[in-house]
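Dear colleague,

Please find below the structure that I am handing over to you. My notes on what was found in it follow directly after it.

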Amino acid sequence: MIWDRRMETLDRAGLQELQEARLGWSLGWAKGRVPFYQERLKGWQEGMNPLKVLADLPFTVKADLRENYPLGFLAVPRQEVRRFHASSGTRGNPTVVAYTEHDLVVWAEVVARSLAAAGMKPGQTLHNAYGYGLFTGGLGLHAGAERLGLSVIPASGGSTERQVKLLVDLAPDGLACTPSYALYIAETLSQMGISPNEVSLTTGIFGAEPWSNGMRERLEAGFGIQAVDIYGLSEITGPGVAMECVEGKNGLHVFEDFFLVEVINPQTGEGVEPGIVGEMVLTTLSKEAMPMIRYRTGDLVSVNPEPCPCGRTSVRISRIHGRSDDMLIVRGVNVFPSEVERVILSQEGVSPHYQLVFEGHPSRPDLVVELEEMMPGALDGSGLTRRLTSALGVRLGVRIMAAGQVPRSQGKAVRVVSRIKED
Ligand code: DLL
């Protein structure tokens, strides 16, 4: 189902016209209200071509937000803010983001579109196991679900056995959570003696972390559902920046009437052609409380402008290949955890719980993939090591662990850990 047919199927010329008008507004708004942008946008005047002006502007990066912590990017008086969220931030200050009433309406709208694109229909029920609180997943999905006319079970993360009971007793149609938590829920179901395909679910709305098609197949088979990918980030709004449609399941539609997408070469900052992987840069087109102009997301994607069978006219981004700062360097070779996942989950008998562990001497650490087998004796460790080594071009170890030994996730999975012993 297409939630806002007029906007989501707008022809490209109409969309570009709308983007230009909204971008002009956004540049003027940011220039007039955010000191950080005032200087950068001093050359911007109404009547200029906003797309041309944008192309010459410097990028906004995460460090800019950190330096202006907490509210240096706030573009409205405090009394007009209706909500704050914050991203966890593993180092230093978290990133605080703010929303006006209008921002919350737009956010609910794009999440409603996303849930409809996943196949959810008004009157159905969504079990929302994204964390509620400062993280945008819980409240973001919640408001969009209500906007679409769903009933919501605000389960949040954790207390997995209780979640399973609710999944059985309240018979929801959709499950929203990280793909790694969905795996944990599936595992808990079977530990409680319930076959995952005995539950009523038809749809999984999974995102907030990278996941592969191999993981999708496991989740779809495990729950008997259609699983689709939802993308977003707090700095831009939260979940609902881009969404995979259940008809295509091949890339995520960017809601381009609200977010302008560019993909750049992360080294040079130049734009790259469709189909080429680069770093996604996003500009908000309607955000009042905290406009973001050319924000470098760190997320690596390619853009696909081809029409989609679902009828939506927006461009699609590929699933997130990883973040530029997730990239591991192993003996001089670049390795993305998501690539490791793709290789290991293409093998039968590998359970989808895995972690990448750095160990050994600090000057020459080894990377070992710790994983579990579906059944004792199901895996040939040396065959898997050979496959990983040839697919990634670097020697990685494989350690087969006893069932349940790889830590489970209740939110965003921790894929990389260090056990390097300092001298
Ligand atoms: O993770 C928002 C969200 C909530 C998205 C619920 C989807 C569902 P942050 O905590 O600010 O916001 O983290 C944003 O998470 O830059 C990506 O690196 C990663 N990410 C988000 N969605 C996906 C996805 C939320 N579908 C950061 N695939 C982003 C891969 C994702 N990575």
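Strand E5 (residues 174-177) and strand E6 (residues 203-207) run parallel and are joined by 4 bridges. Strands and helices here are DSSP runs, numbered from the N terminus, with at least two residues for a strand (E) and at least four for a helix (H or I); two strands pair if DSSP finds at least two bridges between them. Within this pair, Leu 175 stands opposite Gly 204 of E6.

Please note that this is a predicted model, in which local features need pLDDT of at least 70 and side-chain atom pairs count only at pLDDT 80 or more, while totals for chains, interfaces and linings use all residues. Residues are numbered from 1 along each chain as its sequence is written, and side-chain values use heavy atoms, with hydrogens and water left out.

E5 and E6 belong to an open sheet of 9 strands with mixed pairing, in the order E4-E3-E5-E6-E7-E8-E9-E14-E13. Strand E4 (151-153) and strand E13 (303-304) stand at its edges; because each has a single partner strand, one side of each is left without a neighbour in the sheet.

Helix H6 (residues 101-118) lies across strand E3 (125-128), E6, strand E7 (226-233) and strand E8 (238-244), and runs at about 35 degrees to E8. Angles run from 0 to 180 degrees between N-to-C directions, with axes fitted to C-alpha atoms, for helices over the stretch in contact. Helix H7 (residues 136-148) also packs on the sheet, touching E3, E4, E5, E6, E7 and E8 (contact means heavy atoms within 4.5 Å), and its direction makes about 175 degrees with that of E3.

A second group of strands involves strand E11 (residues 278-284). E11 pairs in the antiparallel sense with strand E10 (residues 259-264) over 6 bridges, and with strand E12 (residues 295-301), again antiparallel, over 4 bridges. Val 281 of E11 is the bridge partner of Glu 262, and Arg 296 in E12 is the bridge partner of Val 281. Since 7 of the 7 residues of E11 are buried (under 20% relative accessible area, with exposed over 50% and partly exposed in between, using a 1.4 Å probe and protein chains only), E11 is largely enclosed by the rest of the structure.

Turning to the ligand, polar contacts are pairs of N or O atoms within 3.5 Å. A side-chain N or O atom of Asp 229 is 2.7 Å from a nitrogen atom of the ligand, and a polar side-chain atom of Lys 412 lies 2.8 Å from an oxygen atom of the ligand.

Yours sincerely

Technical notes. A polar contact is a pair of N or O atoms within 3.5 Å; within protein, one must be able to donate a hydrogen and the other to accept it, and residues adjacent in sequence count only if both atoms are side-chain atoms.
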